[in-house]
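Thanks for coming, everyone. I'll put the structure up, and then we'll go from the whole chain down to single residues.

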Amino acid sequence: MSKKSGYYSTNRDLDNVPGITPFRTIVSFREALLMGQAPDEGLFMPEKIPHIPLKAFKALKGAPYTEAALLVANAFLAGEFPAETLRRIVDDSYTYPVPLENVHARKYVMRLDQGPTASFKDFAARMMARLMSASRDPGKRLNVLVATSGDTGSAVGDAFHGVEGIGVTILYPEGEVSGRQKKQLVTIGGNVRAVSVAGKFDDCQDLVKRAFADPAFAEFNLTSANSINFGRILPQIVYYVYAWAQLSRDKEPAVFSVPSGNFGDALGCEYARRMGLPVERLVMPTNENDEFPRFLETGVYEKVSPSKACLSNAMNVGHPSNLARFFDLYGGTVDRNGIVHRMPDVAEMRKRIYSVSISDRETKKTIKRVYEQYKVLLEPHGAVGWRGLEVYLELYGDAPLCVALETAHPSKFPAEIRELLAIEPDLPESMQDLDSRQGEPVSLSADYGAFREYLLKNLRAAD
Ligand SMILES: *Cc1c(COP(=O)(O)O)cnc(C)c1O
């Protein structure tokens, strides 16, 4: 086995910031995976980003998705997991297709909506659950705590459902999930509990972060599974590698457009480029939560608070948690409250990344136009991604190979699709019995005291 790579906290240099004690220990991947977040509330980052030679990327042409996953997993993890374990993990995780749908010329939509919960979050959740299972201390129960703005919870819940020795608690904002998203969340059952919070996604995220910092939970082996866990980021590098290998001609670089909320998905592309994948530009369209496009334009970071409720509800994020990682990669530091302690190299960021805010009105127009013009069916998140790509190409001129990500299945948004296109999107197989499944959430206010009491009681009962 090769040498282990270490992971550091994005807050490691924050001296003299009230409330933050910088965590300067370098941890292993397993530790970062199980800790979720650093004790100083920073995010774990790999010290070294492994480099993959171009010919290894090119060799994936025509190969199944699992080979791309194995290449990336080995590059990061060969020092910590035996080769057979990594092989088994990727084979178990990726049992569904990854369609690359041609729209026109060499513009593609990559459909990441074929997994068991029909969102791209399945890709990360399934691999992370299996990595955690392979990393856990067999004598101790592991408790996963996750805040979701829609699709994370069901993907994570499904990925862990029935996994021995692991319990999952999912918090979601009562009014910000679609009917089907809610149904998916509350009907998993077994070792997976859904908690409906009377508040916004940011409130849910805050409850989770406070629980992690609360000594009362020290004995319960809490771990996170939302996009702050590096174990969620690593699998999200793979599909960029896969798409490029299948579609590129020779060394031709690709433009990827990634509809963005907490920026974990886009971060996968940033890492893929740093590993050596030819990426011409990373386009990161947001919905009306426009803090990042405004930052790239003005150089001043101001979070959107409270976050705005848009159609693409999984992207209703006013301060993306993975912004801390983007800042770190470009030499800056921002904390969890959105305070910038050190500016990143904004000029360099602008060279690599383009971001634009897409309104709900524009999102709807795009769904309608793309369907009418190309017979390609998008849901609101994918439409933000596609429209962002178009805006980029209008500004910077045409690029040959472009891939926009579709992150959820259109059938998750039946009302919008019906209203705009007067069609009924087919449910993917994994969701066909959804309407007949049974289950109820636990309902709580956004108050930390109430949540704390609920969680303590629950974890004690499960122990
Ligand atoms: C989570 C999610 C996004 C945003 O991904 P981030 O990694 O948070 O930027 C986009 N689309 C869908 C359907 C999602 O569930």
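Start with burial. Of the 463 residues in this chain, 62% count as buried. Keep in mind that this is a predicted model.

What does the secondary structure count come to? There are 18 helices and 15 strands. The radius of gyration is 21 Å, and the globule rule gives 23 Å for 463 residues, so the chain is as compact as a globular protein of that length. Along the principal axes, the C-alpha atoms fill a box of roughly 55 × 50 × 45 Å.

Now the contacts. Take those with a separation of 6 or more: 75% of them come from residues 24 or more positions apart.

Next, the surface and the charges. About 17100 Å² is exposed, and carbon and sulfur atoms supply 49% of that. The chain carries 55 positive and 58 negative side chains. The centres of those two sets lie 3 Å apart.

On to the sheets. Strands of a sheet pair through backbone hydrogen bonds, either parallel or antiparallel. Look at the open sheet of six strands here. Which order do they take? Read it as β3-β4-β14-β9-β10-β13, with mixed pairing. The edges are β3, at 100-104, and β13, at 353-354. Each of those two pairs on one side only.

Zoom in on β9, residues 254-257. Are its faces covered or open? Both are covered. Ala254 and Phe256 are buried on one side, Val255 and Ser257 on the other.

β9 has two neighbours to look at. Take β10 first, residues 279-283. The two strands pair in the parallel sense, over four bridges. Ala254 stands opposite Val279. Phe256 has Leu282 as its bridge partner. β10 itself is mostly covered, with four of its five residues buried.

Then the other neighbour, β14, residues 401-406. Four bridges join it to β9, and again the strands run parallel. Here Val255 stands opposite Cys402.

Move to β5, residues 142-147. How many of its six residues are buried? Six of the six. Leu142, Val144 and Val146 cover one face, and Asn143, Leu145 and Ala147 sit on the other; every one of them is buried. So much for the faces.

What about partners for β5? Six bridges join β5 to β6, residues 166-173, and the two run parallel. One of the facing pairs is Ala147 opposite Leu171. With β8, residues 222-224, there are three bridges, also parallel. Val144 has Thr223 in β8 as its bridge partner.

Now a helix: α12, residues 291-298. Which of its residues are buried? Glu291, Phe292, Pro293, Phe295 and Leu296. What do they pack against? Two helices, α13 at 323-329 and α14 at 346-352, plus the strand β13. That strand is the one we met at an edge of the six-stranded sheet. Just past the end of α12, Gly299 takes a positive phi of about 80°.

Two single residues to finish.

First, His341. His341 lies in β12, residues 340-342. Its relative accessible area is 32%. Buried is under 20% and exposed is over 50%, so His341 counts as partly exposed. What does His341 touch, leaving out residues up to four places away in sequence? Leu14, Val17, Thr333 and Asp335. Take Leu14: the two residues are 327 apart along the chain, yet their C-alpha atoms are separated by 7.7 Å.

Second, Leu421. Leu421 sits in α17, residues 414-421. Is Leu421 buried or exposed? Its relative accessibility is 12%, and Leu421 counts as buried. Beyond residues up to four places away in sequence, Leu421 touches Ile367, Lys368, Tyr371 and Leu377. Also look at Glu372. Leu421 and Glu372 are 49 residues apart in sequence, and 8.6 Å apart in space, C-alpha to C-alpha.

To recap: a predicted model, with 18 helices and 15 strands. β9 has both faces covered, and so does β5. The buried residues of α12 pack against α13, α14 and β13. His341 is partly exposed, whereas Leu421 is buried. That's my tour. Over to you for discussion.

Notes. Residues are numbered from 1 along each chain as its sequence is written. This is a predicted model: local features need pLDDT of at least 70, side-chain atom pairs count only at pLDDT 80 or more; totals for chains, interfaces and linings use all residues. Side-chain values use heavy atoms; hydrogens and water are left out. The radius of gyration is taken over C-alpha atoms; the globule rule is 2.2 Å times the number of residues to the power 0.38. Buried means under 20% relative accessible area, exposed over 50%, partly exposed in between (1.4 Å probe, protein chains only). Contact means heavy atoms within 4.5 Å. Accessible areas come from the Shrake-Rupley method with a 1.4 Å probe; for residues, only the protein chains shown count as cover. Lys and Arg count as positive and Asp and Glu as negative; His and the chain ends are not counted. The place of a charge is taken as NZ of Lys, CZ of Arg, CG of Asp or CD of Glu. Two strands pair if DSSP finds at least two bridges between them.
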